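Trainee: Could you take me slowly through one part of this model? I'd like to begin at one residue and follow its contacts inwards.

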Amino acid sequence: MDGKKIILLVGALVVAALTAFMARSLMVGTPAPTATAEQKVRTVPGKEVLVATKALPVGTILDPSAMKFQPWPEELVTDAYYLRDKTDLKSLQGTVVRFPIPAGQPLTQGSLVKPGDRGFLAAALTPGMRAVTVPVSSQSAVAGFVFPGDRVDLVLTQSVEGGGDGPPLKVSETVLRNLRVLATDQRTSNAVDDEGKPVVDPYSTITVEATPKIAEQIAVAQTLGSLSLSLRPLADSSTDLEQAIASGKVTVPDGDDPAAEDKMIETADARPVTGGGYQTGADVSRFQRRTVPGKAQQSSGFNGPAAPSAGAPFPGSNSANVTGPSVRVARGNSVTVVPVGGKN
């Protein structure tokens with residue numbers, strides 16, 4: 001083999017060795033590839049429609065937390081949907097669900113009924129309940145801050161006459177609790193204020209939901225005195241639930257089913273309750289009575305003609321047969337003369 005071929009062979013070996021070394025270095029220094037998931041936000045082209053944020057059964061009175069606007073595929077949008085650019089959410093507050101609406105589904109114009117529309121109260125009423133209208137004033141209706149869907153207590157204020165000449169007893173009593181407000185007769189007039197806003201007339205009546213028996217009690221309460229409303233918080237205490245369970249009006253479900261427990265709580269929250277606390281005039285002012293005034297007491301103890309003069313016998317008494325010191329004992333209209341030291 002000549003020298004030229006030897007040089008070419010050595011050069012090829014050197015190049016191969018360098019190539020292998022460089023390839024090894026690249027493989028050792030480069031970390032193993034890891035799989036990465038690229039997150040892509042999927043946007044739905046279309047318009048924003050009004051959907052239910054939770055399941056809305058029949059009779060639900062809508063509030064801001066029950067609905068929201070959400071993008072919807074344009075090819076699925078119909079004229080029955082409420083679109084963002086054509087809908088005023090305030091105008092839908094207080095409307096009632098006529099048909100069940102699952103969570104996340106659009107609200108349609110046919111599924112809602114507004115106050116004043118035909119069938120509004122029938123759709124708002126819970127099965128087995130009744131609608132009762134109660135007259136109120138601006139002062140007795142929490143200054144107009146009671147709206148459909150709120151829950152209120154009904155307070156009766158009356159004067160109780162007694163048998164005497166004293167002033168009557170002033171009493172305020174919570175006669176009904178946890179009544180659901182269905183509607184008010186509030187109207188917006190054509191007049192505007194200094195800022196150009198429409199003037200809202202205060203309402204004079206409200207319509208509440210009640211059982212047939214409670215409806216009868218409300219009718220009687222209106223004849224006894226004046227009625228006023230006490231607004232209840234949205235998240236009330238658990239006292240009413242505990243009382244309902246103790247009285248047997250609400251049954252605790254067996255097992256650990258969260259859905260059954262939620263149903264029990266919902267039933268207790270929606271149940272109107274009779275009775276409550278009371279306050280008398282003396283609880284407010286020291287110059288008022290605490291009890292009903294009694295009959296006036298006469299000094300002679302005799303409810304009849306004027307007492308006879310000294311020495312004369314009382315009518316109907318046995319003083320003619322008594323001699324010596326005696327004591328007259330009056331029991332109502334009967335007077336008995338008892339000798340001193342004797343027995344009656």
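Trainee: Let's start with Arg290: is its side chain buried or exposed, and what is its relative accessible area?

Mentor: Happy to. Keep in mind that this is a predicted model. Arg290 is exposed, because its relative accessible area is 51% and the cut-off for that word is over 50%. Being exposed doesn't leave Arg290 without partners, though. Arg290 makes a salt bridge with Asp283, with 2.8 Å between the closest N and O atoms. Asp283 itself counts as partly exposed, at 36% relative accessibility.

Now step from Arg290 to Thr280. Looking past sequence neighbours up to four places away, Thr280 touches Arg290 and Arg289, and also Leu169, Lys170 and Val171. You'll find Thr280 in strand β13, which covers residues 278–280. Here the accessibility drops: Thr280 has 7%, so it counts as buried.

Val171 is our next stepping stone. Val171 and Thr157 are 14 residues apart along the chain, yet 5.8 Å separates their C-alpha atoms. Thr157 sits in strand β6, and at 34% relative accessibility it counts as partly exposed. Apart from neighbours within four places in sequence, Thr157 is in contact with Val171, Ser172, Gly225 and Ser226.

Stay on β6 for a moment and find Asp153. Asp153 forms a salt bridge with Arg232, and the closest N and O atoms are 2.9 Å apart. Asp153 belongs to β6, while Arg232 is in the loop between β11 and α5 (239–247), so this pair ties together parts that are 79 residues apart in sequence. Arg232 counts as buried at 12% relative accessibility, and Asp153 also counts as buried at 12%. You can set that beside Arg290, which is exposed at 51%.

From here we can go into the nonpolar interior. The largest nonpolar core has 21 residues, and the ones with the most contacts inside it are Val134, Leu154, Leu179, Val208 and Ile218. At least two core residues come from each of β5 (130–135), β6 (151–160), β7 (169–184), β10 (205–210), α4 (212–224) and β11 (226–231). Take Val134 as an example: leaving out residues up to four places away in sequence, its contacts include Leu154, Val208, Ile218 and Leu227. There is also a second, separate core of 13 residues, with Ala52, Leu62, Ala66 and Leu92 among them.

The helix in that list deserves its own look. α4 has 13 residues and reaches 19 Å from its first C-alpha to its last, close to the 18 Å expected at 1.5 Å a residue. Its buried residues are Ile214, Ala215, Ile218 and Ala221. They share one side of α4, because they cover an arc of only 120 degrees around the axis. The general rule helps here: an α-helix has 3.6 residues a turn, so residues three or four places apart point the same way. On the other side of α4 you find Lys213, Glu216 and Thr223, which are exposed. And what do the buried residues of α4 pack against? Their partners are β5, β6, β7, β10, β11 and β12 (273–274).

Two residues of β7 round out this region. Thr184 lies in β7 and counts as buried at 18% relative accessibility. Setting aside residues up to four places away in sequence, Thr184 touches Val146, Tyr203, Thr205 and Ile206. Asn178 is in β7 too, and at 7% relative accessibility Asn178 counts as buried. Its backbone is worth checking: Asn178 has a positive phi of about 65 degrees although it is not a glycine. In general, most residues other than glycine have a negative phi.

Finally, zoom out. The chain's secondary structure comes to seven helices and 15 strands, and 27% of its 344 residues count as buried. Of the contacts between residues at least 6 apart in sequence, 64% join residues at least 24 apart. The structure holds four salt bridges, and besides the Arg290 pair where we began, one of them joins Glu48 to Arg84, with the closest N and O atoms 2.3 Å apart.

Technical notes:
Residues numbered from 1 in each chain as written. Predicted model: local features only at pLDDT ≥ 70, side-chain atom pairs only at ≥ 80, totals over all residues. Heavy atoms only, no water. Helix = DSSP H or I, 4+ residues; strand = E, 2+ residues; numbered from the N terminus. Buried < 20%, exposed > 50% of the residue type's maximum accessible area, 1.4 Å probe, protein only. Contact = heavy atoms within 4.5 Å. Core = buried A, V, L, I, M, F, W, Y, C linked by side-chain atoms within 4.5 Å. Expected span 1.5 Å × (residues − 1). Arc of directions from axis to C-beta. Salt bridge = Lys/Arg side-chain N within 4 Å of Asp/Glu carboxyl O.
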